[in-house]
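Opening the notebook on this one. I want to see what sits inside, how a pair of helices pack, and what the cysteines are up to.

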Amino acid sequence: MNFFIRKQNQPVHLYRTAIIDIGSNSVRLVVFSGPRRNPALIFNEKVMAGLGRSLAETGMIDEPSMARAIQALERFRIVAREMDVDETVCVATAAVRDAGNGEEFTRKVEALGLDITILSGDDEARTAGLGVISAIPDADGIVGDLGGGSLDLARVAGGEVLDTATLPLGVLRAAAIRRGDSAALSRTFKKMVAAYPWLAAHPGKPFYLVGGSWRAFGRLDMHLTAYPLKVLHQYRIDVARPEKVLAGYRSMERDALRQATGLAPSRIETLPDAIALLRMMRELVKPSAFVLSSFGLREGLLYARMDPEVRQRDPLLVATERFGQLQSRFGEDARPLFDWISPVFGDDPPERQRWLMAACHLSDVAWQASPDFRAERGLEIALHGNWVGIDVIGRSMIGQALYTNFGGGPRPFPLERHVASDAMLSRAIGWGLAMRLAQRLAAGTHDVLRRSRLQRSGDALELVLEPRDKALMGEVVERRHRRLAQFLGLRAVAI
């Protein structure tokens, strides 16, 4: 008898990039894998080494912080090796750049086998600006990346970084400056920004917040306002909020604050200084709103390495297409589904058409879930997936479409307080009902969609099939066709 062992299919190796970011507050390893335009983050670990903690007082990295950082970096190097990454990018920012013993630290890093690059202040600001552009392609305003050792600023518009500035005023340094003289930080800030008149030349535009301390500010604002969707990326904050958030911070016990927000104690400790710097920037820049960006320096390093053609791709559609194909039953391209549905909603503006395309990419992602929870699974993927190039309104509309598509019915998905309007949710319900009809008609495949049409004609919603496909018009298909037509105020007509 002949025996053989069937070799299991090995997963395709997608390009992996490890980025080691040696900051003034934290040392972090992130590993990205997947499509070059918007790869997925597959590993993320940080150590709060505090390299910049003593800079303002001594001008040096203290020995305990240096030892902790080197220990973390040695682990990171091994982890990246075991992940079989294709490239490792190791950068250091303000603390290593400015410290009197920065060269000593650099030699220790190189002795580990890491090729370290010390970013200049302008490099750091430019790269953070590119990170915001990579996630918010139409960003038009000023980016502020607040770290432990510096505040890096960039003017972004038209997909480019136009101006940069760096201030040695990170949260760790700010704390030392303010100690014993509450007005010292304001005087120092005004003296530093005087060299950059462009900062005050663009009032009325968003101020994009990057960095862990300002993300902590955003998380606390979400808690205080009972914001229903805990998605930080592109979360908008009114310019009057800093004082209210600071008051909320002062009114809460530290343990309660940590439990409510999930913030690390080190972030909680730096919040007052982060808010102080934000208030100063507000008075200088006079922004229309604060907008949080989850993308910054590390993502900017990836974006800087992209070919121009890759940069032009839509990050939302690239990510949803890849995820949808991996999770779907047949790995189908979503374009035929979009082409079949979109004529019924032809009066949607371009941005909504884009959201519909993303929803079509994700139209089969929940099939592996229990039938009783497919609607919830689709909704969760839309609302809390790691998508960029989209705000919470777009997430809500995609989530509503998937919720309805996977059986949630023609009603708004459950949420205590919706951020999208009733009209927007109603439109997305229509998308979902149309997707649900397409899924039943073609059983999740797309050839039938290519040779059939769904169209409005007067007061009718017509489903046009070729003669060879007439038998596909079964009872369930008829019911879903009728339900969609009724929802749109039309008659269901099969041709």
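Started with helix 12 (residues 297-304): seven of its eight residues are buried, so the rest of the structure largely encloses this helix. I listed the buried ones as Leu297, Arg298, Glu299, Gly300, Leu301, Leu302 and Tyr303. Note to self: this is a predicted model.

**Helix 8 against helix 9**

Next I looked up how helix 8 (residues 212-225) packs on helix 9 (residues 241-251). I get an angle of about 80° and axes 10 Å apart. Since 65 to 115 degrees is the window for roughly perpendicular, that is what I call helix 8 relative to helix 9.

Which residues meet there? From helix 8 I find Phe217, Leu220, Asp221, Leu224 and Thr225, and from helix 9 Arg241, Pro242, Lys244, Val245, Gly248 and Tyr249. Sorted by class, this contact has six nonpolar, two polar and three charged residues.

**The two sides of helix 9**

I stayed on helix 9 and asked which of its residues are buried. They are Arg241, Pro242, Val245, Leu246, Gly248 and Tyr249. Looking down the helix axis, I see these buried residues fall within an arc of 160°, so they line one face. A reminder on the geometry: an α-helix has 3.6 residues a turn, so residues three or four places apart point the same way.

What covers that buried set? My list includes helix 8, strand 10 (236-237), helix 10 (254-261), helix 11 (265-285) and strand 11 (290-292). On the face turned away from the buried side I noted the exposed residues Lys244, Arg250 and Ser251. Lys244 also turns up in my list of helix 9 residues that meet helix 8.

**Leucine 402**

Then I moved to leucine 402, which sits in helix 18 (residues 392-408). Buried or exposed? Leucine 402 has 0% relative accessibility, so I count it as buried. Setting aside neighbours within four places in sequence, I find leucine 402 touching Ala359, Leu362, Ser363, Gly378, Ala382 and Met435. I also checked leucine 402 against glutamine 455, 53 residues apart along the chain: their C-alpha atoms are separated by 21 Å.

**Cysteines**

Last lookup: how many disulfides does the structure hold? Zero. For the record, a disulfide is a covalent bond between the sulfur atoms of two cysteines. I checked burial for a couple of cysteines anyway. Cysteine 90 comes out buried at a relative accessible area of 3%, and cysteine 360 is buried too, at 2%.

How values were computed:
Residues are numbered from 1 along each chain as its sequence is written. This is a predicted model: local features need pLDDT of at least 70, side-chain atom pairs count only at pLDDT 80 or more; totals for chains, interfaces and linings use all residues. Side-chain values use heavy atoms; hydrogens and water are left out. Axes are lines fitted to C-alpha atoms, for helices over the stretch in contact, and angles run from 0 to 180 degrees between N-to-C directions. Helices (H or I, at least four residues) and strands (E, at least two) are DSSP runs, numbered from the N terminus. Angles under 35 degrees count as roughly parallel, over 145 as roughly antiparallel, 65 to 115 as roughly perpendicular and the rest as oblique. Contact means heavy atoms within 4.5 Å. Ala, Val, Leu, Ile, Met, Phe, Trp, Tyr, Cys and Pro count as nonpolar, Asp, Glu, Lys and Arg as charged, and the others, Gly among them, as polar. A disulfide is a pair of cysteine sulfur atoms within 2.5 Å. Buried means under 20% relative accessible area, exposed over 50%, partly exposed in between (1.4 Å probe, protein chains only). The arc is that of the directions from the helix axis to the C-beta atoms.
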